[in-house]
Amino acid sequence: MIFIVDNNKGLVNKEVITGNKEISYPYFNSSNVDKYIDDYLDKYLNGDDEVLIDYDYIQHDGIYNVTFYRYLFDKKMVSEKTSSLVINTHDDTIFKTSYATPDFDFVSNREYDKNKKRIALTFDDGPNYNTSKIIDTLNKYNVHATFFVLGSRIKGNENILNKMKASGMEIGNHTYSHKLLTKVTEEKIKEEIGMTSKLVFDAVGTYPNLLRPSYGSVSSKIKKASDMPIIIWNIDTLDWKNHNSRKISSRILNKVKDGDIVLMHDIYSATANALDIVIPKLLDRGYELVTVSELFYYKEISLDNGKVYGYAR
Ligand code: ZN
């Protein structure tokens, strides 16, 4: 007999934003577990003026291992891994474990083998509190990726954009304010794109070459307004929904093919952790991880302004 286990059963993602505190937490609909998590988070929130908390979890047979991450905005958004909770949903018991902070090695200089299989990981919606950690992880494996940044998030985060550039990452344009571009005028679309390109230039000295419209939405108006090729994706990790590094990794590993473009968001801890799982496996399978522009370059596909690309084959 086969039992099908609903991985999400027992856990619902909740988000609370009050003033300068933003908290994402798992809700189990069990008074014992939920009260414990409330008290646990209260302790971590106590005294922090500006804080963001999110989490990553793994789940096996009703046992959840949840790790919370705390970001203190006044300390330049450095992320701290807090202790981890092991929650047994069979008997609603909880115990707490501790983590050591991981070290990252920096490796630079890389050479390309033109015959390798290649894919492009892409990260949207930053720069944000988690972006630096993602860059560190990509550097650790000596791989490249493309970050589609929001213009509205550049001010104050110029150092993160410079770190991307210094690490060989590509910076793309993800509009200024993440509006749904199908609902605004062509003039407004041009303004959203232009403002962001200018802000990227002011931060790093080069303009973005690629556009990813917010929500990946494309229309004839957007194509006409874009002075860059439009890059969407063909593998969606659903990281914004899952907060689960293993699920994010599986969605990539189950589908990946030469020339794919993978959508992720650099603003989640689970996404950062997924990289540590998925990158070694992709490298084992012979994939090279490159920026979107590198991907098309090695596939000898030239990109035209205003044209839409979801993969390189
Ligand atoms: Zn986005």
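## Exercises on strands, loops and charges

At 25% relative accessibility, K188 counts as partly exposed. Buried stands for under 20% relative accessible area, exposed for over 50%, and partly exposed for what lies in between (1.4 Å probe, protein chains only).

This is a predicted model, in which local features need pLDDT of at least 70, side-chain atom pairs count only at pLDDT 80 or more, and totals for chains, interfaces and linings use all residues. Residues are numbered from 1 along each chain as its sequence is written, and side-chain values use heavy atoms, with hydrogens and water left out.

**Exercise 1.** Find the salt-bridge partner of K188 and place the two residues.

*Solution.* Start with the rule. A salt bridge is a side-chain nitrogen of Lys or Arg within 4 Å of a carboxyl oxygen of Asp or Glu. K188 pairs with E191, and their closest N and O atoms are 3.2 Å apart. Next, place them. Both lie in helix 4, three residues apart, about one turn of the helix. Helices (H or I, at least four residues) and strands (E, at least two) are DSSP runs, numbered from the N terminus. Last, check exposure. E191 is partly exposed, at 39%.

**Exercise 2.** Trace the salt-bridge network that includes E186.

*Solution.* E186 meets K190 in a salt bridge of 3.6 Å, N to O. These two are four residues apart in helix 4. K190 is partly exposed, with 38% relative accessibility. Now add the third member: K224 is linked with E186 and K190 in the network.

**Exercise 3.** Which parts does the salt bridge of R212 and D124 tie together?

*Solution.* First, the contact: the closest N and O atoms of R212 and D124 are 2.9 Å apart. R212 sits in the loop between helix 4 (186–204) and helix 5 (220–225), and D124 in strand 7, so the pair ties together parts that are 88 residues apart in sequence. Then the burial. R212 is buried at 0% relative accessible area, and D124 is buried at 3%.

**Exercise 4.** Work out the surroundings of strand 3 (residues 51–60).

*Solution.* Two strands pair if DSSP finds at least two bridges between them. Strand 2 (residues 21–27) runs parallel to strand 3, joined by three bridges. E22 has L52 as its bridge partner there. Strand 4 (residues 63–72) pairs with strand 3 in the antiparallel sense over 10 bridges. In that pairing, V51 stands opposite L72. Finally, eight of the 10 residues of strand 3 are buried, so this strand is largely enclosed by the rest of the structure.

**Exercise 5.** Sort the residues of strand 9 (residues 170–173) by the way they point.

*Solution.* Begin with the rule. In a regular strand the side chains alternate between the two faces of the sheet. E170 and G172 point one way, I171 and N173 the other, and all are buried. Strand 8 (residues 146–149) runs parallel to strand 9, with four bridges. F147 stands opposite I171.

**Exercise 6.** Compare the loop residues D92 and H243: is each buried or partly exposed?

*Solution.* Most residues other than glycine have a negative phi, and most peptide bonds are trans. D92 has a positive phi near 55°. Its loop joins strand 5 (78–88) and strand 6 (93–97). D92 is partly exposed, at 24%. H243 has a positive phi of about 45°. The loop of H243 lies between helix 6 (239–242) and helix 7. H243 is buried, at 1%.
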